[in-house]
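Reader: Could you walk me through this structure, starting with the helices and then moving on to anything unusual in the backbone?

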Amino acid sequence: MKITRIIALSLVAVISVTVACQDSFLDVAPAGSLSQTELSSQQGLEGSLIATYAMLLGRGGFYTDASNWFWGGVLGGDANKGSDPGDQSQVNEIQLYAAQTNNASVEDKYESTFEGVARANATLALIELSEGAAEEAETRIAAEARFLRGHYYFDLKRNFDDVPYVDETWDEITLIPNDQDLWPMIEMDLQFAFDNLPEVQTAAGRANKWAAGAYLGKVLLFQGKHEEAKPIFDEVIANGVTATGESYALLDNYSDLFRSTNDNNSETVFSVQASANTGTVNNANPAMVLNFPHGSSGPERPGGCCGFNQPSFELANSYRTTTAGLPLLDGSYNNGANALENDFGLSSVDAFTPDAGPVDPRLDHAIGRRGIPFLDWGPHPGRDWIRNQPNGGPYSPKKFMYYKEGDGIENDVSSWTPGYTAVNYYIIRYADVLLMAAEVEAELGNLGAALNLVNQVRARAQNDLVSNEDGSPAANYVIELYPSFGSQEQAIEAVRFERKLELSGEGHRFYDLVRWGIAESTLDAYIANERQFLSNAFAGADFTSEQDEYLPIPQNEIDLIGEDILSQNPGY
């Protein structure tokens with residue numbers, strides 16, 4: 001692991017956000033350096049902390065940020081890589097669950113996340129040298145830095161399993177093996193943040209006490225510590241507020257979640273901040289810039305490039321409901337008449353009628369499909385907006401798109417594509433908290449409590465239907481609340497499926513499948529379903545438990561440190 005190089009990069013970042021003009025042109029510090037006094041001042045600490053937050057957006061690669069749209073979404077079956085097989089071809093092998101140890105995108109994700117760790121550690125080390133910063137400010141900054149370090153290590157744990165653990169006391173010389181249990185350290189960081197962060201922060205986007213509590217509950221849930229997670233989720237739901245002091249609540253409309261004009265709303269527990277037209281596209285949402293409709297003809301569309309992250313056939317079918325408005329929990333949504341009618345194999349001039357069967361309205365907030373309004377851009381035209389239909393399927397992603405009326409405002413138009421948006425990405429939102437709490441209740445056998453939490457989420461989905469220009473529903477939307485859970489098994493299955501429907505395309509699915517222990521069976525079925533249509537894209541795809549649950553440790557890291565220190569994950 002190139003920790004020394006990453007620490008150096010972190011210090012450069014600290015310098016870049018804290019340097020100020022000198023009072024005199026004769027009194028100039030050496031180029032590219034700041035004094036210890038400047039770095040350890042309160043202004044210096046705040047600058048270092050901002051640099052730590054900045055790594056949530058990644059370091060410029062399409063697969064390095066906190067959204068995990070590829071690692072958590074594509075690998076979880078929410079979407080296919082899509083686009084054209086020759087574009088970003090290095091990730092084709094990852095979609096097939098055949099990642100090589102020298103894959104450049106795997107390495108980028110590993111190093112980018114560790115850079116976030118390094119920046120958090122640099123901030124904490126500066127606090128120890130602090131001169132003049134108020135004690136209250138030091139405590140808050142330390143709590144934010146430890147929250148972020150907990151986040152970055154949690155991301156490393158989910159993606160790579162065992163990695164070296166270093167904190168601010170590391171001497172930058174000692175080689176650290178990857179044989180430690182990361183969970184206790186992640187818990188300690190988030191517990192410290194929960195105990196020491198203020199309930200209301202100085203600005204939206206900063207972690208507060210309740211974001212730390214929700215994240216701590218999530219980490220406990222991932223370990224199966226349901227009894228420990230329950231009181232934390234209970235407290236967050238009862239008392240939690242956003243960073244700006246607004247009580248947590250579901251937005252009235254599901255569609256309002258994914259528009260920049262509604263960033264930092266009442267459902268925001270913790271999100272990555274993005275802004276457009278600030279002078280650099282790196283402040284916008286850089287990782288999702290590829291994930292827009294793409295084609296050479298047809299009506300005007302957002303972004304215009306590059307057709308990645310195409311929702312899967314399997315995901316679209318999952319939104320089928322019974323005539324009673326409930327999901328098909330038995331998996332029959334992929335079978336025969338239950339599968340969603342789509343325009344695969346048709347051109348945009350071929351006749352096509354959208355599916356007339358009952359569907360959950362969240363289908364058309366998450367997935368762009370032919371004949372259904374695509375935000376305010378008009379009806380999705382089908383193949384004209386699909387770059388390579390045989391490679392990715394007939395669907396387009398819809399979440400995190402910008403609206404036509406916001407073109408040039410909600411997106412940055414200064415770069416090669418207007419797909420850099422100001423839409424924030426939710427690391428945790430309130431519906432996620434409700435569903436994690438529901439999962440805890442179901443696992444503990446509290447079926448009534450689980451039912452209430454799940455139905456809160458479903459009730460919101462009932463209120464927001466996609467409409468045609470004349471105001472009529474764009475599809476046959478039928479969604480109802482669960483009347484009851486007949487067994488603990490049904491409650492658990494319902495909660496898990498609700499997470500799939502509610503959080504699709506938000507980077508959660510793969511990690512959920514792995515922690516539930518059902519990744520192999522679920523993903524084998526997903527592969528088989530997609531292969532019926534995308535035979536080339538899924539040729540050779542095969543998921544193997546204990547190997548494909550985690551990415552390989554990059555081989556160049558092992559070569560640098562030594563295989564006696566840094567062990568490779570099983571199967572690679």
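Author: What follows goes through helix packing, a disulfide, some backbone details and a few buried positions, all in a predicted model.

Reader: Let's begin with H3 and H6; at what angle do they pack, and how far apart are their axes?

Author: Helix H3, residues 42-54, packs on helix H6, residues 104-128, at an angle of about 165 degrees, and their axes are 8 Å apart. Angles over 145 degrees count as roughly antiparallel, so H3 is roughly antiparallel to H6. The crossing of H3 past H6 is left-handed.

Reader: Which residues make that contact?

Author: From H3 the contact takes in Leu-45, Ser-48, Leu-49, Ala-51, Thr-52 and Ala-54, while H6 contributes Gly-116, Arg-119, Ala-120, Ala-122, Thr-123, Leu-126 and Ile-127. Sorted by character, the residues of this contact are eight nonpolar, four polar and one charged.

Reader: And how does H6 pack with H7, in terms of angle and axis distance?

Author: H6 and helix H7, which covers residues 135-160, pack at about 160 degrees with their axes 9 Å apart, and they are therefore roughly antiparallel to each other. H6 passes H7 in a left-handed crossing.

Reader: Who meets whom there?

Author: On the H6 side, the residues include Val-106, Lys-109, Tyr-110, Phe-114 and Ile-127, and on the H7 side they include Glu-138, Arg-146, Arg-149, Tyr-152 and Phe-160. Taken as a whole, the contact of H6 with H7 divides into 14 nonpolar, five polar and five charged residues.

Reader: You mentioned Phe-160; is it buried or exposed?

Author: Phe-160, which lies in H7, is buried, with a relative accessible area of 0%.

Reader: What is it in contact with, beyond its sequence neighbours?

Author: Once neighbours within four places in sequence are set aside, Phe-160 is in contact with Val-106, Lys-109 and Tyr-110, and also with Tyr-550, Leu-551, Pro-552, Ile-553, Pro-554 and Asn-569. For Phe-160 and Tyr-550, the separation is 390 residues in sequence but 5.1 Å in space, C-alpha to C-alpha.

Reader: Changing topic to cysteines, how many disulfides does a search of the whole structure find?

Author: That search finds one disulfide, and it joins Cys-305 to Cys-306 with an S to S distance of 1.6 Å. The torsion about the S-S bond of these two cysteines is about 80 degrees, so the disulfide is right-handed.

Reader: What about the peptide bond from Cys-305 to Cys-306, cis or trans?

Author: The peptide bond from Cys-305 to Cys-306 is cis, with omega near 15 degrees. For context, most peptide bonds are trans.

Reader: Are those two cysteines buried or exposed?

Author: Cys-305 is buried at a relative accessible area of 13%, and Cys-306 is buried as well, at 4%. Cys-306 sits in the loop between strand S2 (268-272) and strand S3 (308-311).

Reader: Staying with the backbone, where is Tyr-97, and what is its phi?

Author: Tyr-97 is placed in the loop between helix H5 (92-95) and H6, and although it is not a glycine, it has a positive phi of about 60 degrees. Most residues other than glycine have a negative phi. Tyr-97 also counts as buried, at 6% relative accessibility.

Reader: And Asp-161, what is its phi near?

Author: Phi of Asp-161 is near 65 degrees, a positive value in a residue other than glycine. Asp-161 lies in the loop between H7 and helix H8 (182-196), and it is buried, with a relative accessible area of 17%.

Reader: One more helix, please: how many residues of H17 are buried?

Author: In helix H17, residues 509-516, eight of its eight residues are buried, so to describe the helix as mostly covered is fair. Among the buried residues are Arg-509, Asp-512, Arg-515 and Trp-516.

Reader: What covers them?

Author: The cover over the buried residues of H17 includes helix H4 (69-74), H7, helix H9 (209-222), helix H14 (430-443), helix H16 (488-502) and helix H18 (519-531). Just after H17, Gly-517 takes a positive phi of about 75 degrees.

Reader: Last one, where is His-226 found, and what does it touch?

Author: His-226 is found in helix H10, residues 226-239, and it counts as buried at 16% relative accessibility. Apart from neighbours within four places in sequence, His-226 is in contact with Leu-221, Val-440, Glu-443 and Leu-444.

Conventions. Residues are numbered from 1 along each chain as its sequence is written. This is a predicted model: local features need pLDDT of at least 70, side-chain atom pairs count only at pLDDT 80 or more; totals for chains, interfaces and linings use all residues. Side-chain values use heavy atoms; hydrogens and water are left out. Axes are lines fitted to C-alpha atoms, for helices over the stretch in contact, and angles run from 0 to 180 degrees between N-to-C directions. Helices (H or I, at least four residues) and strands (E, at least two) are DSSP runs, numbered from the N terminus. Angles under 35 degrees count as roughly parallel, over 145 as roughly antiparallel, 65 to 115 as roughly perpendicular and the rest as oblique. A crossing is left-handed if the near helix is turned anticlockwise from the far one by less than a right angle, and right-handed if clockwise. Contact means heavy atoms within 4.5 Å. Ala, Val, Leu, Ile, Met, Phe, Trp, Tyr, Cys and Pro count as nonpolar, Asp, Glu, Lys and Arg as charged, and the others, Gly among them, as polar. A disulfide is a pair of cysteine sulfur atoms within 2.5 Å. Buried means under 20% relative accessible area, exposed over 50%, partly exposed in between (1.4 Å probe, protein chains only).
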